[in-house]
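Reader: I should like to learn how the contacts between parts of a protein model are read. Please take me through them one at a time.

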Amino acid sequence: MGSLPETENREVPQREVKTKFNSGVRKQKFNREALSGYLFLAPNILGFLAFTALPVVVSFILSFYNWEMLIPPMFAGLDNFKNLFFNDPLFLLVIKNTLYYVGVYVPFNIVVAMILALWLCTLTKGVAIYRTLFFLPVLAPTVAAAFIWKFMFEPKVGFVNTFLGWFGVSGPNWLGDPDFAMLAIIIMSVWKMVGYNMVIFIAGIQSIPASLYEAAKIDGANSWDRFIHITLPMISPALFFGVVMTVITSFQVFDQAYIMTGGGPANATNTIVMYIYENGFQYFKMGYASSIAWVLFGVIFAVTMVQMKVQKKWVNYD
Amino acid sequence: MLALAFSLSILTACGSGSTPSNTSSGGQTSGGQSTEKAQGDTEEKVQLRWMMWTGSDEEKKVWENLASKVTEKYPNITVKFETDTFSSYWDKLPALIASGSAPDIVSMQSLRMPTFATRGALEPLDPYIEKTPDFKIENFDKSILEALSWNGKVMAIPYDLGPYILYYNKDLFDKYGVPYPDENMDWNSFLERAKGTTQDGNYGFVLRNVIDQVVPWIWGNGGDYMNEDATKSLMHEPKAAEAVQFLSDLFHKHKVAMPITDPGNENFYREAFYSGKVAMYLDGPWNFGNVRAKANFEWDIAPVPNNGGKVNTWIAGSGFGIFPKSKHKEEAWKAISVMMGEEGFEYLATTGRAFPARSTSIETFQKADPRPAGMDLVTKAAEKSKPLAVTTNWQETQLMINRELDKIWFNNEPVQEVLNNIQKQFDPLLEKHQQILSSSK
Amino acid sequence: MSQAADLKAMKTIRPKTAKKTILMLLSYTALSFLAFLMVMPFIIMIATALKPENELFSNPGALLGSKLAWENFTYAWNYIPFGRFFINSIFVSLTVTILEVLTSSLAAYAFARLRFPGRDLLFYLYLGTLMIPAQVTIVPQFILMNQFGWVDTYQALILPAAFTAFGTFLLRQFFLTIPFELEESARIDGCSRFGTYFRIILPLSKPALATLGVFAFVTQWNSFFWPLVITSSDEMKVLSVGLKMFQGIYGTEWHLMMAASAIVIIPSVIVFGVLQRYLVEGIQLTGMGGR
């Protein structure tokens, strides 16, 4: 797998060699560094291995078993995976739904977050107030937020259709229409989560030295140029983090679908993780549920790896 | 390596005593645990754990009071009451059972009985009942006892029972001069009444998009959703299809059924009724309490409309059972016998909590709150009902059926096509159910 | 004549600042409208909380009922053991946040700056755990807690949550953006690794640490699935689980749940408010031009 791109060229000149153990002197320096590494890592990794990694590994093992929760697990080899891909039309449907969600939600979220972040950074006063207001949805418990949005999506008297009515648009029966239910969830999710990325982007933008912009202005660059050639590159690490995390979490969308529509109507909002939940907690097919989770992992992992490789081209850590 | 060891421990820990024990002696604890707490040793203090779902603090107090009655009769037994919301309870219970930390007294729903009973989550209670003639099991309504049984053995003692009935909003009927639903309504007269009350944004009827709400109509037409031995699905057959078509027409042809705008809300139909905008809907007597509190109008109940079927409503209820791996099964039975004894029921009936499963307490229940006026109809409906037959994989089955039926209510897809689609998926599920049945015998 | 020149000069300046002012005004107006939309659901939340119970369903279009039912807040507080849940939530969320920020920053420093065998593999492992949904790790985690005898305890609420990979990932990304030269000069001057970490990296990372602090606190504050499964007694439950209690089997006490939600959101807002000013401080790398 090689070392991650952003950590190459990070060592002080004397330790050019990237392989592990070479000559005596280097070995000494290297060992001490390795020891420091482990020491720094220790507090977190002990807890991480015990409480995060271990259950994950167990769930991996479980995906090769049939476990109906109330009776002992039975080894099933690759049966779960075979059934998943060849015998389960619902699985393909939930993949489609999830891809639709990811494909619309991620760009929507990132673009709105970026616009808001840039906008807020142009303000001279009151940044803190606006930032709080836009971050407020993040602070709300999902249960409460989902219920409020259900009110708001009510076709006749809910706020969403009333708002659309101001522009002469007649809104649909959001949650009751299989064609619009997922879109409703996307809208609600963007409202709920855009504050996260906005805050991260603002932190990134505010760490760009003003001197860079001054220099550019003197050189005659306009706002758009300044954005493309200074802002974007300088916040690319933050942007990268935001995109990666948003993609990872959006593939796992569950809470909103669970509370707002329960996966319906007619499976329109049934997502991969909802399907995992149904299989594990309602049909007691814990082994099968685990296998679905690991297929999902494979997908997310592949997508993330692609992003990590591509980051060389546009993410700037200097 | 650690992970391997850990997962092995799951594999084996659940293995001890996994086969449903059919030992008839009540004092034996399964799983090869220590037997120091032998029969007859009633002096040592025992604390039992009991889990039950509740929806409010008042409900919680009711159950806690009931539990304290156990200590009144058996001073060495205390019952610790744990609770969660209904959906959380079912989320947690499998995890608790799987890890061996399930409560001694398990609350169970008739609709989930096969799922749990077939996987050894409950202890058969007949031996205990036989030992306790004072318990007067014969006073319990037969059909609900049947609904909480499995393989002919009683697995939980019911505390409530409920046949589905029709609730109606008297004020709406008065407003439009439509005669109230009566005891012998057939589908035509139902439809007329629904049409008559669908005016000014009010609707004659509201349906919840789940199979439970469709079954009374299927049965009322003389059809069924599956056959007696649960080997074949029957939903695509003419009598069932007619019933589903009738319901579909309520939405799309006659437009007397309120459009469902919140499919994820399990109580959408109830809230619609509370709002006073709906004239009729189907529900069980378990909702008396809420309707009393939330409806701002006069209301009453009537039997479900019938179209020639022998039985036209199903019955369900909930009760309490014993976890087979409990270390205090004797004490658990003692507790149940107190809580579900005649005294316990009298207390429950005074709280108006739920329509009692013990016939001797119905009068007390009625005295506690006389609404609805037609309460006698509940017993009558119960007589003309049968338990909603479910399978060991009913959760999966009902979700499949509900989602398919959604296409009819929301997309107005042709009824026969959808039902044929259901049959294609229902039959394999029934096969699996049979497999589970035979492997657990 | 100089007056005329002055006036002329003023006229050329004023249009520019006037234009700027108008733009600024427009910007603020538009932004305020957006902020209003963003906050609308909360307005609805409070309005619903203030509706009398019997008007909840009769007139859904109206924002407010016939009166302001302030007593709903008292009812909501008494509906569940609010006080106890509150204390539990505060204790658990604060502990998780502190643990997470502390240990994650140490680990993130290791991943960002130090070379040791297996580093990248370990980092991938960290990253990987973020890609497995909680629904399948909950049951193994529960069984683990049961083995330790920690069901229904504070440890069970705190420990699994404090060591997620999220904090390490966030801080590592941030540490990577800190110019290497800053540390280098300190190292050359004889500063130990921990010294560099403590005296240089940490102070420069206040925005990231504050960000992580807010995220960790809020996530833990609102997390409900794991606390639901692992707690059974009232002494141990947290607010998020309490909120679900308003959702009865036959109907939801909307007005009470909204009132409760309004109460529940306050600590999150406070935490955010307190940590906000650290988010404001950016790194002003005045001396490090030319990057």
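The dialogue below turns to the contacts between chains and between domains.

Author: This is a predicted model, in which local features need pLDDT of at least 70 and side-chain atom pairs count only at pLDDT 80 or more, whereas totals for chains, interfaces and linings use all residues; side-chain values use heavy atoms, with hydrogens and water left out. Residues are numbered from 1 along each chain as its sequence is written, and chains are lettered from A and ligands numbered from 1 in the order in which they are written.

Reader: How many residues do chain B and chain A bring to their contact, and how much area do they bury?

Author: The size of an interface is often given as the accessible area lost when the parts come together. Buried area is that loss, taken with a 1.4 Å probe and summed over both parts. Chain B and chain A bury about 3,100 Å² between them, with 65% of it on carbon and sulfur atoms. Contact means heavy atoms within 4.5 Å, and it takes in 34 residues of chain B and 36 residues of chain A.

Reader: How many salt bridges cross the interface of chain B and chain A?

Author: A salt bridge requires a side-chain nitrogen of Lys or Arg within 4 Å of a carboxyl oxygen of Asp or Glu. The rule finds four across this interface. One of them joins B:Asp262 to A:Lys150, whose closest N and O atoms are 3.4 Å apart.

Reader: Which domains does the assignment give for chain C, and how many residues of each are in contact?

Author: Domain bounds come from an automatic or database domain assignment. For chain C this gives domain 1 (2-72) and domain 2 (81-288). Their contact takes ten residues from domain 1 and nine residues from domain 2. The two domains of chain C bury about 780 Å² between them, 80% of it on carbon and sulfur atoms. The rule finds zero salt bridges across this interface.

Reader: Where do the domains of chain A lie in the numbering, and how far apart are their C-alpha centres?

Author: Chain A is assigned domain 1 (4-62) and domain 2 (81-314), and their C-alpha centres lie 33 Å apart. Six residues from domain 1 and six residues from domain 2 make up the contact. About 610 Å² is buried between these domains of chain A, and carbon and sulfur atoms give 66% of that area. Here too, the rule finds zero salt bridges.
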